[in-house]
Amino acid sequence: NFSRVTEFILLGFSDTQELQLLFYTLFLLAYAMVLLGNLLIIVTVRTDPRLYSPMYFLLCNLSFIDICYTSVTAPRALVALLSGHKAIAFEGCMAQLFFLHFVGSSEMFLLTVMAFDRYTAICRPLHYTAIMARGACWALVAACWAGGFIHSAVQTVLMLQLPFCGPNTIHSYFCDVPPVVRLACADTALTEWLMASNSGLISLGCFLVLVASYALILAKVRARVSPGNWKALSTCASHVMAVTLLFMPCIFTYLRPAGSSPTSKYVCVIYTIFSPMMNPLIYTLRSSEVKESMWRL
């Protein structure tokens, strides 16, 4: 594609050594919490037969996705902060972009499936076992991964068709569509709108589906007041918090052309580091079964 750029420079957060050490410490602690928290959930669910239910099966898959999602950006950022080496090869940048959108969109689809699981359990309890059978759960998880792959493949193909022949400085700590598209030495208006429609509409569409499902759950709970329903409502409230942490920054980042004002790198931290770090706390602290299983483990 006539590109003359062989590498990009990820500026990160700061050039000051003291601030780099501070950010390195914070990133290392956050990444360690993501790994330990999500691995603990996976081991707990896999070893306790009492957690053999669709909700915990999906939660186990969410923890695995969170580990993969954070591992796409965090290790490279930690190396850059510690060593000061901020260059990333063109191929490495494209690979990071591909896996970021592959795993990130798969997580969005999985959160939508988890909302459907809660809706079915609360609004159609007599049919729950038949609807959310183990085979259906595996099919839904496979569909999430397939949807993420198709979305990411489209994004990557659009990126690889752009020529890069000028500046190679990215004002972020990882390669993503908006900052990289800005560096292309070609008219990218159509490509920007296609990418905004792809990533932005997926984020917005999944978020609206999630909001609608939780609204239906709320209406059902209010119609039938019982301790079990209020417990379900409390669980859904924590899920809404996790969904908001992930979707709102993504909608703000992707549902607009890349040529508009740059997205703050600190906004990107919310959905690449902070959201995967909070998911284990949000999804386990509201579940007495998981907490008891962790103590036994």
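How do the residues of the lining of the second largest cavity divide into nonpolar, polar and charged? They split into 7 nonpolar, 3 polar and 2 charged, where Ala, Val, Leu, Ile, Met, Phe, Trp, Tyr, Cys and Pro count as nonpolar, Asp, Glu, Lys and Arg as charged, and the others, Gly among them, as polar.

Before going further, a word on what you're looking at. This is a predicted model, in which local features need pLDDT of at least 70 and side-chain atom pairs count only at pLDDT 80 or more, while totals for chains, interfaces and linings use all residues. Residues are numbered from 1 along each chain as its sequence is written, and side-chain values use heavy atoms, with hydrogens and water left out.

Back to that cavity. Here a cavity is a set of points, on a 1 Å grid over the protein atoms alone, where a 1.4 Å probe fits but cannot get out; a pocket is an open set with protein on both sides within 12 Å along at least five of seven lines; and lining residues have an atom within 4 Å of a point. Grid points are joined across faces, edges and corners, and a volume is the space filled by probe spheres set on the points. The second largest cavity holds about 100 Å³ of space. Among the residues lining it are Leu10, Leu11, Gly12, Phe13, Arg76, Lys86 and Tyr173. H2 supplies the largest share of this lining, 4 residues. Helices (H or I, at least four residues) and strands (E, at least two) are DSSP runs, numbered from the N terminus.

Two of those lining residues are worth following. Gly12 sits in the loop between strand E1 (7–10) and H1. Gly12 counts as buried because its relative accessibility is 11%; buried means under 20% relative accessible area, exposed over 50%, and partly exposed in between (1.4 Å probe, protein chains only). Going 11 residues along the chain from Gly12 takes you to Phe23, and the C-alpha atoms of the two are 9.8 Å apart.

The other one is Tyr173, which brings us to the rings. Rings of Phe, Tyr and Trp (its six-membered ring) pair if their centres lie within 6.5 Å; planes under 30 degrees apart count as stacked, over 60 as edge-to-face and the rest as tilted. The count by this rule is 14 aromatic pairs. In one of them, Tyr173 meets Phe174 edge-to-face, at 4.8 Å centre to centre and with 70 degrees between the planes. Both Tyr173 and Phe174 are buried. Phe207 and Phe247 make a tilted pair, 6.0 Å centre to centre with 40 degrees between the planes. This pair links distant parts of the chain, with Phe207 in helix H7 and Phe247 in helix H8, 40 residues apart. Phe207 is buried, with a relative accessible area of 17%, and Phe247 is buried at 0%. There's also a cluster: ring pairs link Phe64, Phe98, Phe99, Phe102, Trp145 and Phe149.

Helix H8 has more to show. Thr253 lies in this helix, which covers residues 227–254, and counts as buried because its relative accessibility is 3%. The Thr253 side chain reaches back to the backbone oxygen of Pro249, at 2.8 Å.

H8 also helps to wall in the largest cavity, where helix H3 (90–123), helix H7 (189–223) and H8 each supply at least two lining residues. The structure holds 4 cavities of 30 Å³ or more, and the largest has a volume of about 130 Å³. It is lined by 14 residues, and His101, Gly104, Ser105, Met108 and Tyr254 come closest to its centre. H3 gives the most to this lining, with 6 residues. By class, the lining has 7 nonpolar, 6 polar and 1 charged.

Now for the second largest pocket, with about 240 Å³ of space. Of its 14 lining residues, Val45, Arg46, Phe57, Cys60 and Arg134 lie nearest the centre. Helix H1 (17–47), helix H2 (54–83) and helix H5 (134–160) each supply at least two residues of the lining, and 8 nonpolar, 3 polar and 3 charged residues make it up. Arg134 has a ring partner too: its charged end sits over the ring of Tyr52, 4.2 Å from the centre. To count, CZ of Arg or NZ of Lys must be within 6 Å of the ring centre and within 35 degrees of the ring normal.

Terms used: A polar contact is a pair of N or O atoms within 3.5 Å; within protein, one must be able to donate a hydrogen and the other to accept it, and residues adjacent in sequence count only if both atoms are side-chain atoms.
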